[in-house]
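Reader: Hey, I've got a protein open on my screen and I'm a bit lost. Can we go through it together?
Author: Sure, put it up and ask away.

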Amino acid sequence: MEKYDSMGVALIGAGMIGKTHVAALSDASDRTALRAVLSRHPERAEFLAEYYQGDRPEFTSDLSRVTEAADIQMAIVATPPSIRIDLIERLAKAGKHILLEKPVARTLEEAVRVVEICEDAGVTLGVVFQHRARAPSIAARQKLAEGAFGRLGHVEISAPLWRDQSYYEELGRGTYARDGGGVLLTQAIHTIDLALSLTGPVSRVHAMTATTPLHRMEAEDLAVGGLHFATGAVGSLVASTASYPQRKEVISLHFENGSMRLGTDRLDVVWRDGRQEDALTVTGSEGDTGAVVNKHEWHQAVIEDFVDAVRQGRAPMVTGREALHSHRLIDAIERSSREGRPIDILV
């Protein structure tokens, strides 16, 4: 790899994912240097310094420390989506490249605006969909690239997750004002993005969303959808945070010549001629709780790819515009449920 000076980074938002980003940046020190952590309460964020093995970053609530700093070239934005637009406008205007924690925004309209702000400013926008960096996900893309499966016919996307009611007791969680929605935007969007990266976009959906009696929350904790893909394939999506005990997300792809089952730590391939492949198994890659991934390797891979993309003038692992495919599908699922009819998606 071509060597560059370390890229100065600001972490904006010091919530539950902050420790993961700081640890990832620490291990990506050949490419990055964490200069600042921006928080509304910087004194509460200072504990993050113990997870960073480099010069202590500045802890501040002043965004101008980032926008006016020549030693900061990119920002990782990990705030709730409700407070992002102004941040992104100021960062982009200052020429800072932006790596966003999912989702891009609370609504499709806001997400499109975020993408256009960055494009108009000429800054790189990437989105942290770290499930693409898992070893089984990489292996699945490599298997598909071999071209032996034939035409895709049937897709099954399953995210049977669990969140205790205490998760939603935190101010604003599961509300439209803070998060923009429930299980779709906050949890299942990772599985949706990974699936669409393998299948291509959905062109039509007929769906139902609901809040089960198991949670007290404004937005949905269950979504079920019938999917028509632009390729002609059909399939289904089931996502929930009301599935106890939680099970792991699974994406199953059924082709003319075989099927692929992609899990969080395993990829299996079964061919129509009877051959079976345990294409890849990874142990210990994710705990069963699923609330927060303790390991930071996937985030590190996303960050390193983003830095290299900026340096090399190429697209990052997931661009803001590519992330709109997931937002369009989620928006269509919600509209379909509200209106009780199929929704066509512009692809």
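Reader: Is E339 buried, exposed or partly exposed?
Author: E339 counts as partly exposed, at 40% relative accessibility. Keep in mind that this is a predicted model.

Reader: OK, and which side chain does E339 meet in a salt bridge?
Author: That's R341, with 2.8 Å from N to O. R341 is partly exposed too, with a relative accessible area of 37%.

Reader: Which residues are joined into one network by salt bridges that share partners?
Author: D30, R31, E304 and D308.

Reader: How many salt bridges does the structure hold?
Author: It holds 23.

Reader: Why can side chains pair up like that?
Author: Side chains of opposite charge can pair when their charged atoms come close.

Reader: Got another one? What does E110 pair with?
Author: E110 forms a salt bridge with R106, and their closest N and O atoms are 2.7 Å apart. E110 is buried, because its relative accessible area is 19% and the cut-off for buried is under 20%. R106 comes out at 24%, so it counts as partly exposed.

Reader: What about E169 and R216, are they buried or exposed?
Author: Both E169 and R216 are exposed. Their side chains meet in a salt bridge at 3.4 Å, N to O. E169 lies in helix 7 and R216 in the loop between strand 8 and strand 9, so the pair ties together parts that are 47 residues apart in sequence.

Reader: Switching to helices: where is the kink in helix 8 centred?
Author: On I189, and the kink is about 65 degrees. Helix 8 covers residues 183-199, and 16 of its 17 residues are buried, so the rest of the structure largely encloses it. Right after helix 8 comes G200, with a positive phi near 85 degrees.

Reader: And strands? How do strand 12 and strand 13 run?
Author: They run antiparallel, joined by five bridges. Strand 12 and strand 13 form a hairpin with two residues between them, and S259 stands opposite V270 in strand 13.

Reader: Which residues make the nonpolar surface patch of about 220 Å²?
Author: M208, V224 and V238. V238 sits in strand 10 and is partly exposed, at 38% relative accessible area.

Reader: Last bit, how many helices and strands does the protein have?
Author: Ten helices and 15 strands. The radius of gyration is 20 Å, close to the 20 Å the globule rule gives for 347 residues, so the protein is as compact as a globular protein of that length. Of those 347 residues, 55% count as buried.

Definitions and conventions: Residues numbered from 1 in each chain as written. Predicted model: local features only at pLDDT ≥ 70, side-chain atom pairs only at ≥ 80, totals over all residues. Heavy atoms only, no water. Pairing = 2+ DSSP bridges. Helix = DSSP H or I, 4+ residues; strand = E, 2+ residues; numbered from the N terminus. Patch = residues over 30% accessible without salt bridge, like charges linked within 9 Å, V, L, I, M, F, W, Y side chains within 5 Å. Areas by Shrake-Rupley, 256 points an atom, 1.4 Å probe, with all protein chains shown as cover. Salt bridge = Lys/Arg side-chain N within 4 Å of Asp/Glu carboxyl O. Buried < 20%, exposed > 50% of the residue type's maximum accessible area, 1.4 Å probe, protein only. Bend = angle between axes of the 7 residues up to and from the residue. Rg over C-alpha atoms; globule rule 2.2 N^0.38 Å.
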